Amino acid sequence: MTFRLRTVETTAQGRAIVRDRDFAGSRVTIGRAADNNLHLPDLALDPRHAAISARDDGRIVVEALGSLGFTLDGRQQTHAVIAPQTGGELQFGSYRITVSSEADGAVLLTVGQVAGSEAASDEKAVFALAGRLPGKRLLSWLLGLAVLIAFLAVPVYNNLTRDPAAKQGIKGDAAWSSGPLSLAHHQLEGQCVACHVKPFEPVQDKTCLTCHKDVHDHAAPQRIAGARAPGSAGDQLQWRIAHSFGKPGPGACSDCHTEHEGAGRMPPPAQAFCADCHGSLKDRLPDTTLGNASDFGNAHPQFRPALPLAMGSEKLTRVSLGERPREASGLKFPHDLHLDPRSGVSRMAQRLGQGSSLDCKSCHRPTADGVRFLPIDMERDCESCHSLAYDKVGGTFRKLRHGDVDQMIADLAVAPRTPSPIAVPILSGRRRPGEYSSSGPYFARFAPPAGGIGSAQQALSRGGICGECHTPSAVGGRFAVVPVTQVSRYMNHGWFTHAAHKEEKCSSCHAAKTSASSADLLLPDLRSCRTCHLGENAPRGKISSGCAMCHDYHITASAPRGLTPRRKE
Amino acid sequence: MARVQRQTGRQLDSDHEGFLRHRRFRWLKTALVLCGIAVLAYALTDPQPRPNGGTWLGYTLGTLGAGLIVWLALLGVRKRTMTRGAWSLKAWTSAHVYLGLALIVVVTLHTGFQLGWNVHSLAYVLMLLVIASGIFGIVVYAVLPAALSSNREEMTQPQMLEALRAVDRQLEDAAQPLERRWTEAVLAALAESAAAGGLWQRLASANRDGATRQAIEAFNRAGPDEAADPALIRVEALLQRRAAQLGRMRRHVRLKALLEIWLYVHVPATFALIAALTAHVISVFYYW
């Protein structure tokens, strides 16, 4: 095999001088020493650096003789086999030897020197991302500044330069809102400064009061201040920190009413806010009439309804149900008799077409809002059975005047001495057939109004027609009945609505069927309510009932706000 | 006994221990304890009316989170000075990783799970983006170097470039005797660079079709007499070598891009996060 060494040198004028030198032999040595076949004067090379030898299969073998290697096609090697037909590029220090084959079968080794270092300059451009993307530093500054301008500088600038008189939103501060406002404040959405008046100042009570003018305090401020439990050391530390930042409270509007908690109705304040004071109120306000209460399920005093305790008195007194108070309404009314399906009352109801027997709604009619019941009205609720008719003139009945004792006495004084036919069955004891019979619609049972002043006396006696329901009395020597006191709302400090309980039967809570006296107070007690209602953390199956379900902090005559959303849902 | 221990200690010191398992996961344990305390505090306190950033626990977790974020970001400053020992850069990096992951728990509890379209949630989302890109970075640092190394086959980057240049020089030389239609394909192949393209091309598959491959296909279609031409055979072999070298370089570029890309998210998102965090803190108290 022939090796043809071709050296290419460039003259100062840039002309290439090509010299070929055939080398007949199977081994070419390369090195810095002059006695090498190929002498490459480069200090980076060994004196005897490498040898290229021919192999029988036509390929050539390149071998490093020292510890330093060479590169073949850019890769560091110490031993390489090259097919001259395909060729390859060897590099020894600054010299490059290109291997190829000539037409006559000789292996051509073209030697040239690398002009300067062209390597590595574009390494970064090829392999690194730098330059392909905007720089990290630039991106960081741009993004950071964009966020700061959009979300801080713009809203702050607009806030500081706003016209205080103009009632318009501040551009750019919508992104500051931590959540939508509740339904009640929905129209203030976007008008942050309506509540957040001064920068870095928590929302003040006086700001709330600019709209909520009619909201009154729960109690006198000094009372409230004295009522609040001092709280744990942690609480006190919290308040000390909060106050040092100018936060109002405890007891500020925003303590209980938190906003930006989501659209829809503002949830009622949690019972913990009430329990702060009421949980141990007696300890701090010994003169309070209120019992301690912190949870309806396990820490709530017995109900104390207000009811008349003395006959004829309109004064309502609060008594605990635990003391089993008797109500002095002035009326006689045995509920059991009227509700017993086998009593004479029921028979009469059947005859008068009132159904098989009387039930609660025969007499108790709900108010229009369904919360309570209308007072019992004698003419509407009683008189269809307890008739006051005593005479009939033509087709018209004369009736005793209900509610006016003097008028009744006067009427009876001039009543005919001869009893009216309608009174005959009662007076004579004889029965009449037809529509006046005891099963007829015109039958009326009343005590014998014999006529004259004596009859009025009779009527107002214990066994008389008035005495059937009323308690007779005498006022200044005159006949009278004890005034009736009907209580329409027993619980004035709590809220109860019958409308919310209409799925229940009346008898679930009111033991009317077994009550033989109108003095029985048929109100359910705490235990009865607790069969369904427990405190805020009631277990599954019970109704979670926070304070706000029945009580209002800002007491009004209507339902507490805690109930309103429930009813709407 | 003491001597044995000392020896063991010395051996441990000399062993390589990555930042993830630094000091037997000291910072992983610290981060877990921190998360545990935060979760426990969140579960055991019952703030009224509901948990959010404005309760005492919310302020505490928020302050902790903000402090951590600032400290974590300072790794960018810290990494420019290397030291040894307990406060070595490795310890710092280990803490950076695990405390950064702990932020997910601390800050999520700080939000009280209240999120919306506002600057507060922007800061939260940016923080998650920073953490996610950091997780990506750790994963590629753990997985890709092996692939990078096996692809490289002990070539350095300059060597790879030089290898391509060597093939190109030989191609240029070997193609001299060829006819024009062949030299055009060779010229087109020579114009194809390893680093062609921007970010997406770098991240895309390395085995894409290019001028070099097309040239090889053209040479494969050569007629029978042409195919016997030794010059043609040589050029085709060189083109094959060029294609292989290009493929290797492109795989290298792709792996390098994957190793670098996360920092292009991690660092700018960190600065955006610090800006959003500043806006969050100031705005909350501005409209208190």
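Angles over 145 degrees between N-to-C directions count as roughly antiparallel, and angles under 35 degrees as roughly parallel; both cut-offs will be needed on this tour of a predicted model.

**The helices of chain B**

Begin by selecting helix H5 (residues 89–111) and helix H6 (residues 119–152) of chain B, whose axes come within 10 Å and cross at roughly 155°. H5(B) and H6(B) are therefore roughly antiparallel to each other, and their crossing is left-handed. To see the contact itself, show the side chains of H5(B) at Val97(B), Gly100(B), Leu101(B), Leu103(B), Ile104(B), Val107(B), Thr108(B) and Thr111(B), together with Tyr124(B), Met127(B), Ile131(B), Ile135(B) and Ile138(B) of H6(B). Coloured by class, the contact of H5(B) with H6(B) shows ten nonpolar and three polar residues, with no charged ones.

Keep H5(B) on display and add helix H2 (residues 26–44) of chain B, which packs with H5(B) at an angle of about 15°, the two axes lying 8 Å apart. H2(B) and H5(B) are therefore roughly parallel to each other, and here the crossing is right-handed. From H2(B), the residues to pick out are Trp27(B), Leu28(B), Ala31(B), Leu34(B), Cys35(B), Ala38(B), Val39(B) and Tyr42(B), which meet a set in H5(B) that includes Ala91(B), Ser94(B), Tyr98(B), Leu99(B), Val105(B) and Leu109(B). The contact of H2(B) with H5(B) is made up of 16 nonpolar residues and one polar residue, and no charged residue takes part.

Next, select H7(B), residues 157–174, and helix H12 (residues 230–286) of chain B, which pack with their axes 10 Å apart and at an angle of about 155°. That angle makes H7(B) roughly antiparallel to H12(B), and the crossing of this pair is left-handed. On the side of H7(B) the contact includes Met160(B), Leu161(B), Leu164(B), Val167(B), Asp168(B) and Leu171(B), while among the residues of H12(B) are Arg234(B), Leu238(B), Arg241(B), Arg242(B), Leu246(B), Met249(B), His252(B) and Lys256(B). By class, the residues of the contact of H7(B) with H12(B) divide into twelve nonpolar, four polar and six charged.

Now zoom out to the whole of chain B, which has twelve helices and zero strands. Its C-alpha trace spans about 90 × 60 × 30 Å along the principal axes, and its radius of gyration is 28 Å, where a compact globule of 288 residues would have one near 19 Å.

**From chain B to the seven-stranded sheet of chain A**

Return to H7(B) and follow it across the boundary between the chains: this helix lies across E8, strand E10 (88–92) and strand E11 (95–101) of chain A, running at about 125° to E10(A). These strands belong to an open sheet of seven strands in chain A, with mixed pairing and the order E2-E1-E12-E11-E10-E7-E8. Strand E2 (16–24) and strand E8 (75–77) of chain A stand at the edges, and because each has a single partner strand, one side of each is left without a neighbour in the sheet. From one strand to the next, the twist averages 25°.

At the E2(A) edge, select strand E1 (residues 2–10) of chain A, which pairs with E2(A) in the antiparallel sense over nine bridges. Phe3(A) is a convenient place to look, with Phe23(A) as its bridge partner in E2(A).

**The five-stranded sheet and a hairpin**

Another open sheet in chain A has five strands in the order E4-E3-E5-E6-E9, again with mixed pairing. Its edge strands are E4 (38–39) and E9 (79–82) of chain A, each of which pairs on one side only. Within this sheet, strand E5 (residues 50–54) and strand E6 (residues 60–64) of chain A run antiparallel and are joined by five bridges; Ile52(A) stands opposite Val62(A) in E6(A).

Further along chain A, select strand E15 (residues 389–393) and strand E16 (residues 396–399), which run antiparallel and are joined by four bridges. Lys392(A) has Phe397(A) as its bridge partner in E16(A). The hairpin of E15(A) and E16(A) has two residues between the strands, and in it Gly394(A) takes a positive phi near 65°.

Finish with the whole of chain A, which contains 18 helices and 20 strands. The C-alpha trace of chain A spans about 170 × 55 × 45 Å along its principal axes, and the radius of gyration of this chain is 54 Å, whereas a compact globule of 569 residues would have one near 25 Å.

Note on methods: Residues numbered from 1 in each chain as written. Chains lettered and ligands numbered in written order. Predicted model: local features only at pLDDT ≥ 70, side-chain atom pairs only at ≥ 80, totals over all residues. Heavy atoms only, no water. Pairing = 2+ DSSP bridges. Axes fitted to C-alpha atoms, helices over the stretch in contact; angles between N-to-C directions. Contact = heavy atoms within 4.5 Å. Parallel < 35°, antiparallel > 145°, perpendicular 65-115°, else oblique. Left-handed = near helix turned anticlockwise from the far one by under 90°. Nonpolar A, V, L, I, M, F, W, Y, C, P; charged D, E, K, R; others polar. Rg over C-alpha atoms; globule rule 2.2 N^0.38 Å.
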